[in-house]
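Open the model in a viewer and keep the sequence panel visible. The stops below say what to select and what is found there.

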Amino acid sequence: MKKTIAEKIISAHCSKPVSAGDTVVASVDLAMATDGSGPLQLFREMGHSKVWDPEKVLMVLDHYVPCPNDKVAGLQDGMRSFCNDGNGVLFDLGEGICHQLLPEKGYIRPGSLVVGADPHSLTYGALNALGTGIGSS
């Protein structure tokens, strides 16, 4: 039976053939969050202090530019600290929009499995990758 591109990419990332409807655990190539969707308190509440691979965790400050208030400024500062502590790559205010930056900087490649805390992560399909929005938690 023929496979969809999503089934092929997920199969490659969990080392077994999968079909629509299967529940899998897959290795992701990249995780991305923005200042609109990247609250980090849940990460800490789960008892974590380090990510699995800091080069594969991207924090993009692009939704609140310029920063509208102290609450958002605190969130952005927390994301900067998270990356400064060795937990990811930061794209700061003014560097660009996440869904433009990731392809332009070479993070999105054909066959990649990308999770983003943003529903527009699906756009990576234009580059023959599988992107999906997973929410902020």
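## A helix across three strands

Begin with helix α3, residues 70–87, which lies across β1 (30–34), β2 and β3. Its direction makes an angle of about 155° with β2. Bear in mind throughout that this is a predicted model.

**The whole chain.** Zoom out and colour by secondary structure. The protein chain has four helices and five strands, and from the N terminus the elements follow one another as α-β-α-β-α-β-α-β-β. The radius of gyration is 16 Å, close to the 14 Å given by the globule rule for 137 residues, so the chain is as compact as a globular protein of that length. Along the principal axes, the C-alpha trace spans about 55 × 30 × 20 Å. Of the 137 residues, 36% count as buried. With a surface switched on, the chain exposes about 7,900 Å², and carbon and sulfur atoms supply 56% of that area. Taking contacts between residues at least 6 apart in sequence, 59% join residues at least 24 apart.

**The sheet.** Now select the strands. The five of them form an open sheet with parallel pairing, in the order β3-β2-β1-β4-β5. At the edges are β3 (89–91) and β5 (130–133); each has a single partner strand, so one side of each has no neighbour in the sheet. From one strand to the next, the twist averages 20°.

**Strand β1.** Select residues 30–34 and show side chains. How many of the five residues of β1 are buried? Five of the five are, so the strand is largely enclosed by the rest of the structure. Leu 30, Met 32 and Thr 34 point one way, while Ala 31 and Ala 33 point the other way. This fits a general pattern: in a regular strand the side chains alternate between the two faces of the sheet.

**Partners of β1.** Add β4, residues 113–116, which runs parallel to β1 and is joined to it by three bridges. Met 32 stands opposite Gly 116 of β4. Then add β2, also parallel to β1, with four bridges between the two. Here Ala 33 stands opposite Met 59.

**On to the edge.** Keep Met 59 selected and move outward from β2. Strand β2 covers residues 57–60 and pairs with β3 in the parallel sense over three bridges. Which residue of β3 is the bridge partner of Met 59? It is Leu 90. Met 59 therefore serves as a marker in the viewer: Ala 33 of β1 stands opposite Met 59, and Leu 90 is the bridge partner of Met 59 in β3.

**Ser 11.** Leave the sheet and go to helix α1, residues 5–14, where Ser 11 is located. Is Ser 11 buried or exposed? Its relative accessibility is 14%, and Ser 11 counts as buried because the cut-off is under 20%. Apart from neighbours within four places in sequence, Ser 11 is in contact with Lys 16, Pro 17 and Val 18.

**Confidence.** Finally, colour by pLDDT. The mean over the protein chain is 92, and 99% of the residues reach 70 or more. Among the elements, β3 has the highest mean pLDDT, 97, and helix α2 (residues 41–45) has the lowest, 82.

Terms used. Residues are numbered from 1 along each chain as its sequence is written. This is a predicted model: local features need pLDDT of at least 70, side-chain atom pairs count only at pLDDT 80 or more; totals for chains, interfaces and linings use all residues. Side-chain values use heavy atoms; hydrogens and water are left out. Two strands pair if DSSP finds at least two bridges between them. Axes are lines fitted to C-alpha atoms, for helices over the stretch in contact, and angles run from 0 to 180 degrees between N-to-C directions. Contact means heavy atoms within 4.5 Å. Buried means under 20% relative accessible area, exposed over 50%, partly exposed in between (1.4 Å probe, protein chains only). The radius of gyration is taken over C-alpha atoms; the globule rule is 2.2 Å times the number of residues to the power 0.38. Accessible areas come from the Shrake-Rupley method with a 1.4 Å probe; for residues, only the protein chains shown count as cover. pLDDT is the predictor's confidence in each residue, from 0 to 100.
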